[in-house]
Amino acid sequence: MTNTMKTNGVNHRTLKVKNLVNPELNRIPRASRIKKMVEYFDWLLFGTLTGLKIPGKNKSWVVDGGHRLTAVLALYAGTRDANGKEIEVPCVVLPAGSDLCEYFQKLNTNCKEVSPLDRFRANFLADNAPETTIYQILASVGVAMVFDHKGGHAALGQTKCAPRWLELYDTCGRSKFEELVEMMLEVWGRPDQDTVEPTALRGDFLAGLNFYMKRTTYSVSQMGEKLKETNASSHDIRVWAHKNFPPVSGWSRIEAYALQIDKLIGGYKPKTKKGNK
């Protein structure tokens with residue numbers, strides 16, 4: 001530890017990278033971003049990391065700058081440079097006793113570059129509501145929330161679209177959200193019986209369902225009964241929506257789901273488009 005300067009209770013130091021740790025609640029690392037940072041790496045553009053000392057250890061959590069730290073480790077394939085010298089990086093060290101989750105929220109969740117998924121994950125790991133509540137409600141019915149930026153579909157009984165669940169929760173409120181989740185699994189299958197339809201847990205389907213919930217005249221129970229009568233799968237609804245409501249129709253692809261559900265059971269009052277009577 002060298003070149004220490006203290007201002008307003010905050011230490012400005014250079015710290016050895018071997019003593020820096022990315023905490024679990026940091027943003028999910030993006031391999032493509034790290035690869036690009038390594039390819040165009042420039043110490044002049046590295047900036048300063050923000051750290052918080054881990055109690056009882058000679059190490060610090062990196063509260064801000066996790067991607068940059070990972071890029072340095074990848075660039076040098078370890079914690080020493082080509083001459084065998086320990087690599088050190090500039091770091092602002094927060095006051096001792098500071099709350100890790102609190103500072104992560106302040107430094108990261110209001111940044112424009114933080115994705116909705118990372119923001120949801122950070123709030124969940126910080127045990128904040130409603131993210132923690134949503135996670136627990138889904139877990140209680142056998143749906144596992146997966147925090148993953150990678151493309152592709154989730155495995156059976158998993159969902160990768162946390163921000164879409166948050167939108168549904170904001171629309172419905174807790175009690176109605178719980179009722180809606182139960183209704184969805186009653187209509188489209190249950191994970192604990194290996195019968196859940198993966199489409200029902202996809203982000204685009206949930207976004208369309210949210211569109212419907214915002215403007216439906218039905219209660220959740222009425223909606224569930226009518227959907228069961230149609231015997232239509234969530235996959236059927238998705239296929240119909242994509243086929244019958246292409247973008248040229250003037251409706252968004254997401255609202256097409258709501259319109260397709262309305263075709264099946266009614267109860268949806270869409271906004272009138274300009275030029276439509």
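Here are some notes on a few strands, helices and salt bridges in this predicted model.

1. Let's begin with strand 4, which covers residues 49-53. This strand is mostly covered, with four of its five residues buried. As you look at it, remember that in a regular strand the side chains alternate between the two faces of the sheet.

2. What does strand 4 pair with? One partner is strand 6 (residues 88-93), and the two pair in the parallel sense over three bridges. If you want a spot to find on screen, try Thr50, which stands opposite Val92 in strand 6.

3. Strand 4 also pairs with strand 5 (residues 60-64), but here the strands run antiparallel, joined by four bridges. Look for Lys53, whose bridge partner in strand 5 is Ser60. Strands 4 and 5 make a hairpin, and six residues sit between them. In that turn, Gly56 has a positive phi of about 75 degrees.

4. Next comes helix 2, residues 66-76. Which of its residues are buried? They are Gly66, His67, Arg68, Leu69, Ala71 and Val72. The cover over them includes helix 1 (31-39), strand 3 (20-21), and our two hairpin strands, strand 4 and strand 5. Right after helix 2, you'll meet Ala77, with a positive phi of about 55 degrees.

5. Helix 4 (residues 116-125) is worth a look too. Seven of its 10 residues are buried, so the rest of the structure largely encloses this helix. The buried ones are Leu117, Asp118, Phe120, Arg121, Ala122, Asn123 and Phe124. Notice that charged residues are on that list, including Asp118 and Arg121. Following helix 4 is Asp127, and its phi is positive, near 60 degrees.

6. Now for the charged pairs. Side chains of opposite charge can pair when their charged atoms come close. How many salt bridges does a search of the whole structure find? It finds nine, and the next points go through some of them.

7. Take Arg174 and Glu178, a salt bridge with its closest N and O atoms 3.7 Å apart. Both residues belong to helix 7 (residues 174-188), and they lie four residues apart, which is about one turn of the helix. Are they buried or exposed? Arg174 is partly exposed, at a relative accessible area of 45%, and Glu178 is partly exposed as well, at 33%.

8. Helix 7 shows up again in the pair Lys228 and Glu186, where the closest N and O atoms are 2.6 Å apart. Lys228 lies in helix 9 (residues 220-230) while Glu186 lies in helix 7, so this salt bridge ties together parts that are 42 residues apart in sequence. Lys228 has 34% relative accessibility and counts as partly exposed. Glu186 is exposed, because its relative accessible area is 51% and the cut-off for exposed is over 50%.

9. One more pair: the side chains of Asp204 and Arg202 meet in a salt bridge at 3.4 Å, N to O. Asp204 counts as buried, because its relative accessibility is 17% and buried means under 20%. Arg202, at 22%, counts as partly exposed.

10. Finally, salt bridges can share partners. Which residues are joined this way into one network? Lys18, Arg80 and Glu86 are.

How values were computed:
Residues are numbered from 1 along each chain as its sequence is written. This is a predicted model: local features need pLDDT of at least 70, side-chain atom pairs count only at pLDDT 80 or more; totals for chains, interfaces and linings use all residues. Side-chain values use heavy atoms; hydrogens and water are left out. Buried means under 20% relative accessible area, exposed over 50%, partly exposed in between (1.4 Å probe, protein chains only). Two strands pair if DSSP finds at least two bridges between them. A salt bridge is a side-chain nitrogen of Lys or Arg within 4 Å of a carboxyl oxygen of Asp or Glu. Contact means heavy atoms within 4.5 Å.
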